[in-house]
Amino acid sequence: MAYGTMLADTFQSSAANTAPVIRDGSSNEIGQFVKSWANHAGGAPPTARASFNVSSITRSATGTYTNVFTNAVADSNFAVAGGCDGTGMTYSPATTVSTTSFTCYTARASEGQYDRTYVHFIVTR
């Protein structure tokens with residue numbers, strides 16, 4: 001077997017709405033591509049600056065955002081990492097998750113839940 005660099009313009013799964021997986025030489029799955037990500041403005045309404053596999057972002061309360069996937073993920077055992085701008089700010093991801101969405105929170109330590117200018121997340125499994 002030859003080892004080297006692969007160059008490609010497109011990777012495509014053979015199944016609809018399924019991301020390609022990365023496998024080692026023994027065909028063991030060792031990784032996947034990102035399932036979803038977004039960079040959005042907080043507040044009412046939240047406004048996506050850029051995103052992938054996000055059909056909508058809604059704000060149900062100050063600093064509370066529900067992110068809905070365009071294409072559902074296989075199960076709710078995914079990981080969410082995220083952040084927001086501002087000193088003393090925190091981002092609490094994925095407290096409510098399903099195959100079609102998750103809810104996250106932004107807060108300021110001194111004031112509780114708080115809307116931020118920049119909120120971003122990435123979903124992987």
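**Group meeting talk: an all-strand chain**

Okay, let's start with one residue: Pro45, which sits in the loop between S3 and S4. I picked it for the bond just before it, where Ala44 and Pro45 are joined by a cis peptide bond, with omega at about -5°. For background, most peptide bonds are trans. One thing to keep in mind throughout: what you see on the screen is a predicted model.

While we're in that loop, let me stay with its two strands. S3 covers residues 36-41, and S4 covers residues 47-52. They pair in the antiparallel sense, over five bridges. One place to spot the pairing is Ala38, whose bridge partner in S4 is Ser51. The two strands make a hairpin with five residues between them, and in that hairpin Gly43 takes a positive phi near 100°.

Now zoom out. What is the chain made of, in helices and strands? It has zero helices and 11 strands. So if you read along the sequence, the pattern is simply β-β-β-β-β-β-β-β-β-β-β. The C-alpha trace spans about 60 × 30 × 25 Å along its principal axes. Of the 125 residues, 29% count as buried. And if you take contacts between residues at least 6 apart in sequence, 47% of them join residues at least 24 apart.

Back to S3, which has another partner. S3 also pairs with S11, again in the antiparallel sense and over five bridges. Look for Trp37 there, standing opposite Ile122 in S11.

Next, S9, residues 101-108. Is S9 mostly covered or mostly open? It's mostly covered, with seven of its eight residues buried. S9 pairs with S6 in the antiparallel sense over five bridges, and you can find Thr64 there with Tyr105 as its bridge partner in S9. S9 also pairs with S10, residues 112-113, in the antiparallel sense over two bridges. In that pairing Ala107 stands opposite Gln113, and the two strands form a hairpin with three residues between them.

On to the inside. The largest nonpolar core has 16 residues, and the ones with the most contacts inside it are Phe69, Phe78, Val80, Tyr91, Phe102, Phe121 and Val123. Where does that core come from? S5, S6, S7, S8, S9 and S11 each supply at least two of its residues, and S11 gives the most, with three. As a general remark, nonpolar side chains tend to be buried together in soluble globular proteins.

Let's follow one of those core residues, Phe69. Leaving aside neighbours within four places in sequence, Phe69 is in contact with a long list, including Asn53, Val54, Phe78, Phe102 and Val123.

Asn53, from that list, deserves a stop of its own. It lies in the loop between S4 and S5, and it has a positive phi of about 60° although it isn't a glycine. Most residues other than glycine have a negative phi. Why does Asn53 count as buried? Because its relative accessibility is 13%, and the cut-off for buried is under 20%. Ser27 is another non-glycine with a positive phi, about 70° here, and you'll find it in the loop between S1 and S2.

There's another asparagine to point at, Asn67, in strand S6. It is buried, with a relative accessible area of 1%. Not counting residues up to four places away in sequence, Asn67 touches His40, Ser56, Ile57, Thr100, Ser101, Phe102, Cys104 and Phe121.

Last stop: the second largest pocket, with a volume of about 180 Å³. Which residues line it? They are Gly4, Thr5, Met6, Phe11, Pro20, Val21, Ile22, Arg23 and Phe33. By type, that divides into six nonpolar, two polar and one charged.

From that lining, click on Pro20, in the segment before S1. Pro20 counts as partly exposed, at 21% relative accessibility. Beyond its close sequence neighbours, up to four places away, Pro20 touches Phe11, Gln12, Ser13, Gln32 and Phe33. As for Asp9, it is 11 residues from Pro20 in sequence and 14 Å from it in space, C-alpha to C-alpha.

That's the tour, and I'm happy to rotate the model for anyone who wants another look.

Notes: Residues are numbered from 1 along each chain as its sequence is written. This is a predicted model: local features need pLDDT of at least 70, side-chain atom pairs count only at pLDDT 80 or more; totals for chains, interfaces and linings use all residues. Side-chain values use heavy atoms; hydrogens and water are left out. Helices (H or I, at least four residues) and strands (E, at least two) are DSSP runs, numbered from the N terminus. Buried means under 20% relative accessible area, exposed over 50%, partly exposed in between (1.4 Å probe, protein chains only). Contact means heavy atoms within 4.5 Å. On a 1 Å grid over the protein atoms alone, a cavity is a set of points where a 1.4 Å probe fits but cannot get out, and a pocket is an open set with protein on both sides within 12 Å along at least five of seven lines; lining residues have an atom within 4 Å of a point. Grid points are joined across faces, edges and corners, and a volume is the space filled by probe spheres set on the points. Ala, Val, Leu, Ile, Met, Phe, Trp, Tyr, Cys and Pro count as nonpolar, Asp, Glu, Lys and Arg as charged, and the others, Gly among them, as polar. Two strands pair if DSSP finds at least two bridges between them. A nonpolar core is a set of buried Ala, Val, Leu, Ile, Met, Phe, Trp, Tyr and Cys residues joined through side-chain atoms within 4.5 Å.
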